[in-house]
Amino acid sequence: IKHLLQRFSLLYLFSVSMVLTFKQVYSGDTIILSCDNSIGKVKWLFNKVEDQNQANKTWSIRAVSAKNSGSYQCENNGQKSDNFNITVQGKYTTPTPECLSLMDISFQLSGIKCGLTTENHKVLTFQPSKLKDNVAIYWCSDENNLRSTPLTIKTSDRVVRMMILPGPALLGEKLSLRCVVSGTDRISHTIFYKDKQTIKDGSSSSHVINNVTESDQGVYSCQATFTRSNKGVPNTVNSTQQELIVSAPPMKAVVSESAGLSCSCSSCPNGAFYHWYYKQHNPQWLPKGISESYTGFMPAGSYACRAVWKNGRSALSNIHHYDVDAQETHVLLITIGLIVLGVMLVIGAIVMYRKRRTREGKPTTGILSVFLCAQTYMFV
C-alpha cells in the first residue's frame, strides 16, 4: 500500500511549472522551469529528447526565441511529468510599460536592494529587503496586465567585472563590451577572453563588435591591470564570466522625413499605433504623442518612434536628429539668395532700359535716381 501511495503521489503531484508565471512568453525573455515535488537528480526533456546539460530541479533558459517553443518534461525516480508546452511569441518585445527599460538600478553587493529613478529624480524602492541570491529577475506590469521586458540583475563581490548590456545581442547590431574596475578608472592594460581564448589584448578597457553574428555567442571575461592612485602598485585581477546570447533582431519601425516625420513598420501586425518619443539633453526618451505622422512644432532634439499593438511592440526606430539652428540658417540663406536674385534682375532691367533710351537719343540721368530710390526702399 505504501508503494502504491508513493506512485500515486508521483503521478498526480509531479509536474513542470514556470517560476516566472508569464501568460505569454516573448522572444528575448528569460524563463525558469521548475520540476515540482522532485527529489534529487532530475532529467529534463525538450520535445521528448533529454538535455544532458540539465540535472537540477530548475532549468533557466536565457533569451528564448522561436526555437525554444515546444514541450518540456522532467523525469525523477523513473517517472515523467506531463508535457508543459511553451510558445514563444515572434520577433518582438512586449508592450509598454517600459519602466524597467528606463530605470537606473542601485545595489549593494552585501545584499541587493533595488529601486528606480523617475524622470523627476525620485527614487522608488521596489525591493526593500536584501536579496542573498546573486541573480534576480524584475519586470513591471500595468492595470491591463501588460508587462515590460524582464531585466536580469546580477551582483558580484569581484573587483573586476565584465559588463554586457542586459538582454540578448541582436544580429547585425553593434555591441560594446566593457571591463570595469570598482572604484577606479586607472586601467592600464586589459585582456578580453571568449570561451577562455584571448580575443583582444591592449590598453583599451572596451571591446566593440561592429556587426554581431551567431559566432559571437559564447562566454566572455576579462583581465584588468589597474592602480588606485598615480603612485599605486599595479594589480592584475580576472573578472567574472558573462554569457553572451545572440538572437534575431525584433521588428523595427522606421522614421522617414517628408512634410514632417512619418513612422512605419511593414512587418508589424495590422492596426498598430505609432508612439513618438523625444529627447534633448536628458538621457531618457519622453513620450511625444500617438500618430502615424508627426507634423507639429518640433523643438531641436532627437526623435524616434515604435509600433505598438494589443500584445506587442516593435523595437525603437532609427533616430532622427532635428536642429532648429540649421533650419533657420537654411531659410536665411534662401531669403538672401532671393534678395540677390531680385537685385540682379532690377539691375539688368535698368541696363536694358538705358541702352534703349540711348539708342532713341533720350536722356538717362533720371533713371539713376529711380534706381537708388528702389534700392533704398528694398533695404529699409
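**View 1. Lysine 194 counts as buried, with a relative accessibility of 19%.** That's a narrow call you can check for yourself: buried means under 20% relative accessible area, so lysine 194, at 19%, falls in that class. Before going further, keep in mind that what you're looking at is a predicted model. Which residue does the side chain of lysine 194 meet in a salt bridge? It's aspartate 195, with 3.4 Å from N to O. Aspartate 195 itself is partly exposed, at 40% relative accessibility. So this salt bridge joins a buried lysine 194 to a partly exposed aspartate 195.

**View 2. Here the side chains of arginine 62 and glutamate 243 come together in a salt bridge.** The structure holds two salt bridges, and in this one the N to O distance is 4.0 Å. How many residues apart are the two partners? The answer is 181, so the pair ties together distant parts of the chain. Glutamate 243 belongs to strand S23 (residues 242–244), while arginine 62 sits in the loop between strand S6 (58–61) and strand S7 (70–76). Are these partners buried, exposed or partly exposed? Glutamate 243 is partly exposed, with a relative accessible area of 41%, and arginine 62 is partly exposed too, at 28%.

**View 3. Threonine 30 is tucked away in a loop, with a relative accessible area of 9%.** The loop in question runs between strand S2 (25–26) and strand S3 (31–36). Buried means under 20% relative accessible area, so threonine 30, at 9%, counts as buried. Who is around it? Setting aside neighbours within four places in sequence, threonine 30 is in contact with Leu20, Phe22, Ser60, Ile61, Arg62, Ala63, Ile137 and Thr152. One of those names should ring a bell: Arg62, the residue that meets glutamate 243 in a salt bridge.

**View 4. Strand S4 (residues 43–46) pairs with S7 and also with strand S5 (residues 49–50).** Four bridges join S4 to S7, and the two run antiparallel. S4 and S5 are antiparallel as well, joined by two bridges. A handy residue to look for is leucine 45, which has a bridge partner in each of these strands: glutamine 73 in S7 and glutamate 50 in S5. S4 and S5 make a hairpin with two residues between the strands. In that hairpin, asparagine 47 takes a positive phi near 50 degrees.

**View 5. Three strands make an open sheet in the order S15-S17-S20.** The pairing is antiparallel. Which strands sit at the edges? They are strand S15 (160–163) and strand S20 (206–209), each of which pairs on one side only. From one strand to the next, the twist averages 10 degrees. Look at S15 and strand S17 (residues 175–181), and you'll find four bridges in the antiparallel sense. Along that pairing, arginine 161 stands opposite valine 180 in S17.

**View 6. Strand S27 (residues 273–279) is mostly covered.** Of its seven residues, five are buried. S27 has an antiparallel partner in strand S30 (residues 301–309), with seven bridges joining them. To spot the match, find tyrosine 274, whose bridge partner in S30 is alanine 307. S27 is also joined to strand S28 (residues 286–290), by three bridges and again antiparallel. There, tyrosine 277 has proline 287 as its bridge partner. S27 and S28 form a hairpin, with six residues between them.

**View 7. Ile334, Leu338, Leu341 and Leu345 make a nonpolar patch on the surface.** The patch covers about 410 Å². Leucine 345 lies in helix H2 (residues 324–359). Exposed means over 50% relative accessible area, so leucine 345, at 59%, counts as exposed.

**View 8. Stepping back, the whole protein has three helices and 32 strands.** Of its 380 residues, 36% are buried. Among contacts with a separation of 6 or more, 55% are between residues 24 or more positions apart. The accessible surface comes to about 23,400 Å², and carbon and sulfur atoms account for 55% of that.

Conventions. Residues numbered from 1 in each chain as written. Predicted model: local features only at pLDDT ≥ 70, side-chain atom pairs only at ≥ 80, totals over all residues. Heavy atoms only, no water. Buried < 20%, exposed > 50% of the residue type's maximum accessible area, 1.4 Å probe, protein only. Pairing = 2+ DSSP bridges. Axes fitted to C-alpha atoms, helices over the stretch in contact; angles between N-to-C directions. Contact = heavy atoms within 4.5 Å. Areas by Shrake-Rupley, 256 points an atom, 1.4 Å probe, with all protein chains shown as cover. Patch = residues over 30% accessible without salt bridge, like charges linked within 9 Å, V, L, I, M, F, W, Y side chains within 5 Å.
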